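Thanks for sharing this one with me. Below are a few friendly comments on it, point by point, to read alongside the model.

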Amino acid sequence: MVEITESSESSPDRPERKSEQREVFDPETMRRTKPGAKRLVLTFSVLISFLIGFPFLWKSVEIYRAPLLFDDIDLLSKRMESEPLQFPCNFRAVFVGFDFGSDDFDRADDLQSSISNRMEKFVSGTSQCGTCSSNYSVSVTMESNSRCIQSRSGRHSCSYQCGAISSTDFGGDDESVDDSLDRVLGGECSGLAGKVYTVVVANKDAEDKAVIGKYRHAWIVGRVQEEKAVEKIAEIFVKVFSTGGKEEGLIHGEFMPVGADGRIVLSFNLLNSNPQDWIYDWDFNMLEEHMLSPVVDALGPVANITVESQVLYYTPKSSYAHWDDELKSFILNTRDLPFFVNSNEWHLDTSIAAGGRSKILQLVLYIPSAKECPLNLQLPNGEISKANGYISPMWGGVVVWNPMNCFQDPEKYPAWHKISPQDLQKIFEVFVAQIRQLIGLKSDNLFIGTSVRSIMLASEKGFTEWELDALTRQHTCFNLRSCATTLSSLSRLVQSLPRMIIMDEIGKQVKLSMEAAKQAESDASHGIYAAAAVSARQSRALAEDAFFHPSIMSVSYYSFEHCFAVYSPFFLPVSLHVVLAALREWKRYRQEEKKYLTWKARVDASS
């Protein structure tokens, strides 16, 4: 009974507790069940899939760029600007017939010092690229009768032996003296970098004369004082052997008719003005084999030269020539020469081999018609041109050849003729002189300096050895500078356009160009002229090929902003909704979890 009574007394308290719990629970701030993570997982799985797919999307629109040697290119460019390329040269002066005693051992050293000081005065203040203005050595040898002394810098193993020049007859003709000196001085000196150039001073009773040979030596004959001899020797060393006989040491751009690929196409054209009067032909195979081949071989280190020829008909000139009764010929003034070439009728550019960046030099032999024959070119001083031709820089040259039958009736004269070998020889000599001028050399045979007036002997191949050395040095410098300029332009262009396509072939060409440039610098520092010229020519050609590669198309040069503007309309709306949904779901999950934790805390506190 007692237990029943207690039970009946405690039962009214339970509804009161349940009502209190209902009054404590707030559905706005609490929940009894733990929130599920299914919606959160689904939402974030979509977001993660977008994040994982973004690198693949970025990779799909990525522009391929082969690595380029930007740092090496900058170093090459700075080196070409700050340190002009200097080739080593060895200058040697030989004094023959000057009296000296047995105690004058330092006399050769004094002359060597005097020549070096005079050379420094002839050299300009700044070092010129492609010369020997700051990288040379001077040696002096004096011999008289059976005695011979040498300067300390000249005591090296050399092919020249004291007493060998004494047997040379300087009174003979210049060609024989030149060949005799070449047999004595022509050998190379062992242990020396670069070429050896020699000036021989023969103190003897003879006509004062200075001659520059076709090899690598010159000689001065006559009663010459040592002081004057030193002045002449220094000027020949600096202004002839070092710079090639030009006032400037570097070939200017307008006198560099070598294509960017290192090629020159010599296009010989025989133009018959009016074939109704007469038709002339030539044996060009004989001309190329016997006369032109030595010239092409001599210029081999400078450029890769190819030769072609053609004969054209009905090629009148554009300018007007007037008749001169005193000269008995038609005269064409120099002011009319710019209008001589008839571009509409002269179809000269027909070479397939000259495509790309090769340079074409047009060498035209113009045969006038009977109505304007003989046709002569008049110089500004009123004299008639002996060569009867002219050049146009970077284009070529024209030679006017008047047939022997100018005053004969064309109808009584055979219509077809062939230019004789003798006439071809004379014409070719004019062409060679024009080629010399086009590549930056002098066409005359006289050097006039401040202290010496020298005769320059001509070579059978058109170029003397010391001229070819100067050409090789200067073209090497020009090609290396062009290579550095082209690669620097390519480097700046690539770095300024991050979306530019750079193929592996371009990177390979840049790498090979840099290697060839370094090889050219190394060969130049060791005095290997021909190898340095070939490597420099290759470096420039490879740099030009890389810069003008067909894969570098302007249509691909779009910025990242352009790429974003193209793809954002497709992916930005969906991506934005996915990100907002993920944030909203994460916020909802945190709120529901907070409600559950609040309710759980109340339950724990009430119990």
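1. Glutamate 467 is a good place to begin: in this predicted model, the residue is buried, with a relative accessible area of 5%. Its salt-bridge partner is arginine 436, and the N to O distance between the two side chains is 2.7 Å. Arginine 436 is buried as well, at a relative accessible area of 10%. Both values fall under the 20% cut-off for calling a residue buried. The two residues come from distant parts of the chain, 31 residues apart, with arginine 436 in helix H9 (residues 421–438) and glutamate 467 in helix H10 (residues 465–496).

2. Which residue does aspartate 174 pair with in a salt bridge? The partner is lysine 209, and the closest N and O atoms are 3.0 Å apart. Because aspartate 174 belongs to helix H6 (residues 174–185) and lysine 209 to strand S5 (residues 209–212), the pair ties together parts that are 35 residues apart in sequence. As for accessibility, aspartate 174 counts as buried at 19%, while lysine 209 is partly exposed at 26%. You may want to keep the cut-off in mind when reading the aspartate value, since buried means under 20% relative accessible area.

3. Please also have a look at arginine 118 and glutamate 231, whose side chains meet in a salt bridge with an N to O distance of 2.5 Å. Arginine 118 sits in helix H5 (residues 107–122) and glutamate 231 in helix H7 (residues 226–242), so this pair ties together parts that are 113 residues apart in sequence. Arginine 118 is partly exposed, its relative accessible area being 23%.

4. On salt bridges overall, the structure holds 16 of them. Beyond the pairs above, I would point you to a network of salt bridges that links Glu175, Asp178, Asp179 and Lys214. As general background, side chains of opposite charge can pair when their charged atoms come close.

5. My last point concerns serine 319. Where is serine 319 found? Its place is the loop between strand S9 (304–313) and strand S10 (322–324). Is serine 319 buried or exposed? With 8% relative accessibility, serine 319 counts as buried. Setting aside neighbours within four places in sequence, the residues in contact with serine 319 are Leu332, Asp336, Phe339 and Phe340. It may help to display these contacts together with the loop when you go through the model.

How values were computed
Residues numbered from 1 in each chain as written. Predicted model: local features only at pLDDT ≥ 70, side-chain atom pairs only at ≥ 80, totals over all residues. Heavy atoms only, no water. Salt bridge = Lys/Arg side-chain N within 4 Å of Asp/Glu carboxyl O. Helix = DSSP H or I, 4+ residues; strand = E, 2+ residues; numbered from the N terminus. Buried < 20%, exposed > 50% of the residue type's maximum accessible area, 1.4 Å probe, protein only. Contact = heavy atoms within 4.5 Å.
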